[in-house]
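Here are my notes on this model, point by point. Have the viewer open while you read, and start with the charged pairs.

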Amino acid sequence: MFRVTQANPAQKRTFRPLYAVHQATPYAGFLDPEWDRSFDIYPGTVMYRKEGEVFAPYTGDSGVKPFGFSALWVAPSLGIDEVTATGANHFTVWVGGEQAVFEVLAPAFDQDADWAAAEVTDGTYRLLTANDKGLLTPTGADHSNAIAELVQVLSTDKILIRLNRFDLASTVDLHGGS
């Protein structure tokens, strides 16, 4: 259930699945009880798997890999908290393969990043990672920290992404079979 305050009844989801029926899955778990709520988690915030089924915002810390995208709001500055209202700290993260495409609305991506320069027009792609608040950004993305790739910049308030974590043009050998 999406719970908003009476002061903010028209709040939209900032992470919308476009191609996700068989390509992406909401992964159940718990929000890290040690997370200090020092910034907002929007639907679409990049999350990492801390341990077991405990998730926290991905902030680029070394040794930590992005896992998926928040499906829920924990936004103290907006007065929206879908986690503590349940009383059980339940949390959901979207995970998926390269066929899953999502629309991401501002403010769930880094609006200070140079998205015009990140836009691709030649059929290639641009890897995305997260900034220090878990918001998608092209800045500093490489094969070790990528969580998605940019499909298209639709406007200053909307981007399309594909859940692809691998840069197949990198020098890293990703095959593991015979």
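1. A quick definition before anything else: a salt bridge here is a side-chain nitrogen of Lys or Arg within 4 Å of a carboxyl oxygen of Asp or Glu. By that cut-off, arginine 162 and glutamate 149 qualify, with their closest N and O atoms 3.1 Å apart. Keep in mind that this is a predicted model.

2. Where do arginine 162 and glutamate 149 sit in the chain? Arginine 162 belongs to strand S13 (residues 158–162) and glutamate 149 to strand S12 (residues 148–155), so the pair, 13 residues apart, counts as a link between distant parts of the chain. Glutamate 149 is buried at 5% relative accessible area, while arginine 162 is partly exposed at 25%.

3. Stepping back to the whole fold, the chain has one helix and 13 strands. Going along the sequence, the pattern is β-β-β-β-β-β-β-β-β-α-β-β-β-β. Of the contacts between residues at least 6 apart in sequence, 64% join residues at least 24 apart.

4. On burial and surface: of the 178 residues, 44% are buried. The accessible surface is about 9,400 Å², and carbon and sulfur atoms account for 50% of that.

5. Back to the charges, since the whole structure has seven salt bridges. As background, side chains of opposite charge can pair when their charged atoms come close. One of the seven joins arginine 16 to glutamate 103, with 3.3 Å between the closest N and O atoms. Those two are 87 residues apart, with arginine 16 in strand S1 (residues 15–19) and glutamate 103 in strand S9 (residues 101–105).

6. Is glutamate 103 buried or exposed? Glutamate 103 counts as buried because its relative accessibility is 11%, and the cut-off for buried is under 20%. Its partner arginine 16, at 28%, counts as partly exposed. There is also a network to look at: salt bridges with shared partners tie Arg16, Glu103 and Lys158 together.

7. Another pair worth a click is aspartate 32 with lysine 50, whose closest N and O atoms are 2.9 Å apart. Aspartate 32 lies in the loop between strand S2 (24–31) and strand S3 (46–51), and lysine 50 is in S3, 18 residues away. Aspartate 32 is buried at 7% relative accessibility, whereas lysine 50 is partly exposed at 32%.

8. Now the sheet. Six strands form an open sheet in the order S1-S9-S13-S12-S10-S11, with antiparallel pairing. Why do S1 and strand S11 (136–137) each have one side without a neighbour in the sheet? They stand at the edges with a single partner strand each, so one side of each has no neighbour there. S1 meets S9 through four bridges in the antiparallel sense, and phenylalanine 15 is found opposite valine 104 in S9.

9. Last, the surroundings of S3. S3 pairs antiparallel with strand S4 (residues 54–57) over four bridges, with arginine 49 opposite phenylalanine 55 in S4. S3 and S4 make a hairpin with two residues between them, and glycine 52 in the turn has a positive phi of about 50°. S3 also runs antiparallel to strand S5 (residues 66–70), joined by three bridges; there, valine 46 has phenylalanine 69 in S5 as its bridge partner.

Definitions and conventions. Residues numbered from 1 in each chain as written. Predicted model: local features only at pLDDT ≥ 70, side-chain atom pairs only at ≥ 80, totals over all residues. Heavy atoms only, no water. Buried < 20%, exposed > 50% of the residue type's maximum accessible area, 1.4 Å probe, protein only. Contact = heavy atoms within 4.5 Å. Areas by Shrake-Rupley, 256 points an atom, 1.4 Å probe, with all protein chains shown as cover. Pairing = 2+ DSSP bridges.
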